[in-house]
Amino acid sequence: MTTILTIPKNLAKKDLVVIDKKVWETLSKENDELRQAMKAVVAGEKALQGGRTRSFREFLKAEFPRYAKNY
């Protein structure tokens, strides 16, 4: 069965891409996850520049003391 769609000229003037809804949802979810990760990276860089972070050694001692013995 063939489905025919009529696309108005005002929508077709620019680049128009038609994709499956599941593909769009997957891409949208990945884009949101990437955006959140980038926000976390930027926040971490700002904290590092502001001196509000601790060293890896301090982190190990506080959170995983059994592993800090060998470090």
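## Starting at leucine 11

Let us begin with one residue: leucine 11 sits in helix H1. This is a predicted model, and in it leucine 11 has a relative accessibility of 52%. Is leucine 11 buried or exposed? It counts as exposed, because the cut-off for that class is over 50%.

Leucine 11 also has company at the surface. Together with Leu5, Ile7, Leu16 and Val18, Leu11 makes a nonpolar surface patch of about 520 Å².

## Valine 18, another member of the patch

Valine 18 lies in a loop, the one that runs between helix H1 (9–12) and helix H2 (21–49). With 67% relative accessibility, valine 18 is counted as exposed.

How far apart in space are valine 18 and proline 65? Their C-alpha atoms are separated by 54 Å, while in sequence the two residues are 47 positions apart.

## The overall shape

Now for the whole protein. Four helices and zero strands make up its secondary structure, and the pattern along the sequence reads α-α-α-α. The protein is more spread out than a compact globule, because its radius of gyration is 24 Å, well over the 11 Å given by the globule rule for 71 residues. Along the principal axes, the C-alpha atoms fill a box of roughly 70 × 30 × 10 Å.

How much of the protein is buried? Buried residues account for 4% of the 71 residues. The protein exposes about 7,300 Å², and carbon and sulfur atoms supply 57% of that area.

## Charges and salt bridges

The protein carries 15 positive and 9 negative charges, and the mean positions of these two groups lie 5 Å apart. The number of salt bridges comes to two.

One of them joins the side chains of arginine 35 and aspartate 32, with an N to O distance of 3.1 Å. These partners are separated by about one helical turn, because they are three residues apart in helix H2. Arginine 35 is partly exposed at 43% relative accessibility, and aspartate 32 is partly exposed too, with a relative accessible area of 37%.

Which residue does glutamate 63 meet in a salt bridge? Its partner is arginine 54, and the N to O distance here is 3.5 Å. Glutamate 63 counts as partly exposed, with a relative accessibility of 43%. Arginine 54 is likewise partly exposed, and its relative accessible area is 43%.

How values were computed. Residues numbered from 1 in each chain as written. Predicted model: local features only at pLDDT ≥ 70, side-chain atom pairs only at ≥ 80, totals over all residues. Heavy atoms only, no water. Helix = DSSP H or I, 4+ residues; strand = E, 2+ residues; numbered from the N terminus. Rg over C-alpha atoms; globule rule 2.2 N^0.38 Å. Buried < 20%, exposed > 50% of the residue type's maximum accessible area, 1.4 Å probe, protein only. Areas by Shrake-Rupley, 256 points an atom, 1.4 Å probe, with all protein chains shown as cover. Lys, Arg positive; Asp, Glu negative; His and termini not counted. Charge placed at Lys NZ, Arg CZ, Asp CG, Glu CD. Patch = residues over 30% accessible without salt bridge, like charges linked within 9 Å, V, L, I, M, F, W, Y side chains within 5 Å. Salt bridge = Lys/Arg side-chain N within 4 Å of Asp/Glu carboxyl O.
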